[in-house]
Amino acid sequence: MQILYLAIISLSLLLFHNTNTFILVQALTSPSDIAALRAFKASIKPSSIAPWSCLASWNFTTDPCSIPRRTSFICGLTCTADSKTINQITLDPAGYSGTLTPLISQLTQLTTLDLSDNNFFGSIPSSISSLSNLQTLTLRSNFFSASIPPSITTLKSLQSLDFSHNSLSGYLPNSMNSLAKLRRLDLSFNNLTGSIPKLPPNLLELAIKANSLSGPLQKQNFQGMNQLEVVELSDNALTGTVESWFFSLPSLQQVNLANNTFTATQISGPRPAPSSGNLVALDLGFNRIQGYAPANLASFPALSFLSLRYNALRGAIPVEYGQMKSIRRLFLDGNFLLGKPPAGLVAGGTEVTGSLGDNCLKECPRSSQLCSPAQKPISVCKRAYSGRPTPIPVVG
């Protein structure tokens with residue numbers, strides 16, 4: 001029996017006792033990975049680990065990669081095919097509270113790290129840059145603070161990065177464009193400041209909503225982004241003109257720039273098909289855009305949602321807006337638009353919903369849903385067109 005026991009030890013087998021039955025489990029996982037997992041669990045408050053949660057099953061008397069997983073390590077991680085290293089950590093949203101240990105860097109084969117919808121806090125360790133195989137990094141909906149470590153831009157395999165709904169602050173790393181494989185970036189609902197740096201060239205989705213970003217959109221920072229489909233930059237403090245180059249990005253489909261402080265737009269219309277004309281939704285509402293409503297927006301053949309509400313637009317509604325076959329929702333309310341609305345928008349049987357209200361329009365038929373709410377008082381409209389300063393509409 002003693003010889004057999006020594007043989008088992010020499011073959012790196014674990015022997016443990018379970019209800020008077022001896023079970024042999026092969027020890028597969030590398031010691032450095034086990035040490036990293038121990039440190040990961042140790043950095044989480046025991047009181048936040050519910051008995052039914054994944055982390056509660058992380059019992060280190062059992063090898064993490066042993067199969068079958070009946071009572072230990074039943075969820076929260078996966079192993080490589082050879083069962084020697086950890087390649088994914090995907091925690092359940094169980095309310096775990098703690099910090100992310102710098103020793104996470106020892107899990108060098110990790111391709112996915114997802115801690116979303118928990119209560120992690122503290123800074124994101126710069127050592128995370130050692131995870132050279134990482135493809136998906138999701139820390140969404142936690143309480144991470146401090147700045148985004150610049151070292152994160154060395155993760156050359158990264159395809160999806162989601163730090164949204166945290167308390168991150170400071171500037172975006174200047175070398176974001178080095179993440180050449182990144183397809184999805186979501187940093188929304190944080191406290192990030194400064195301007196938008198040069199972005200990863202192969203992004204499909206860009207979301208940095210509800211931060212404190214400032215400055216203009218600069219062409220050089222969007223250079224070569226021919227695959228960009230979704231831009232969500234609303235609720236920031238971005239300024240200046242939204243220039244025509246932006247609307248010429250060939251794959252652009254959905255754009256939300258609402259609730260910033262843009263003052264003008266330059267729109268020359270899409271490039272000849274099939275290289276563009278994919279824009280489906282555009283929201284420029286609640287800015288400080290002055291001048292005329294851009295008629296060239298009507299030349300985007302797929303545009304179905306358009307909002308220019310609560311800016312400082314003047315003049316007539318472009319007749320082209322009434323000829324748009326694709327438009328379904330149109331919001332031009334809260335400006336200083338005058339004259340008659342295009343017949344194509346207010347005629348009976350139109351499929352367009354939205355609002356032309358709170359303007360200076362005449363003969364906007366009450367029978368049209370678009371004409372609600374009521375127009376501005378005549379005195380306000382006269383002041384707007386008299387050359388005297390008129391405050392830009394503010395909606396609380």
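Visitor: Which residue stands opposite Asn191 in β13?
Guide: Ser169 does. This is a predicted model, so treat the pairing as part of a prediction.Visitor: What strands are paired there, and over how many bridges?
Guide: Strand β11, residues 167-170, pairs with strand β13, residues 191-194. The pairing is in the parallel sense, over two bridges.

Visitor: What is the order of strands in the sheet they belong to?
Guide: The order is β5-β7-β9-β11-β13-β15-β17-β19. Those eight strands form an open sheet with parallel pairing.

Visitor: Which are the edge strands?
Guide: β5 (97-98) and β19 (261-265). Each of them pairs on one side only.

Visitor: New topic. What order does the open sheet of four strands have?
Guide: That sheet runs β21-β23-β25-β27, and its pairing is parallel.

Visitor: Why is one side of β21 and of β27 left without a neighbour in the sheet?
Guide: β21 (290-292) and β27 (360-361) stand at the edges with a single partner strand each, so one side of each has no neighbour in the sheet.

Visitor: And in the middle, how many bridges join β23 and β25?
Guide: Three, between β23 (residues 312-316) and β25 (residues 336-339), in the parallel sense. Within that pair, Ala316 stands opposite Leu338 in β25.

Visitor: Which domain does UniProt list for residues 31-66?
Guide: The unreviewed UniProt entry lists "domain: Leucine-rich repeat-containing N-terminal plant-type" there.

Visitor: What is the chain like over that stretch?
Guide: Over residues 31-66 the chain is 33% helix and 0% strand. The end C-alpha atoms are 14 Å apart.

Terms used:
Residues are numbered from 1 along each chain as its sequence is written. This is a predicted model: local features need pLDDT of at least 70, side-chain atom pairs count only at pLDDT 80 or more; totals for chains, interfaces and linings use all residues. Side-chain values use heavy atoms; hydrogens and water are left out. Two strands pair if DSSP finds at least two bridges between them. UniProt positions are given in the numbering used here, feature names are shortened, and annotations may be inferred rather than shown by experiment.
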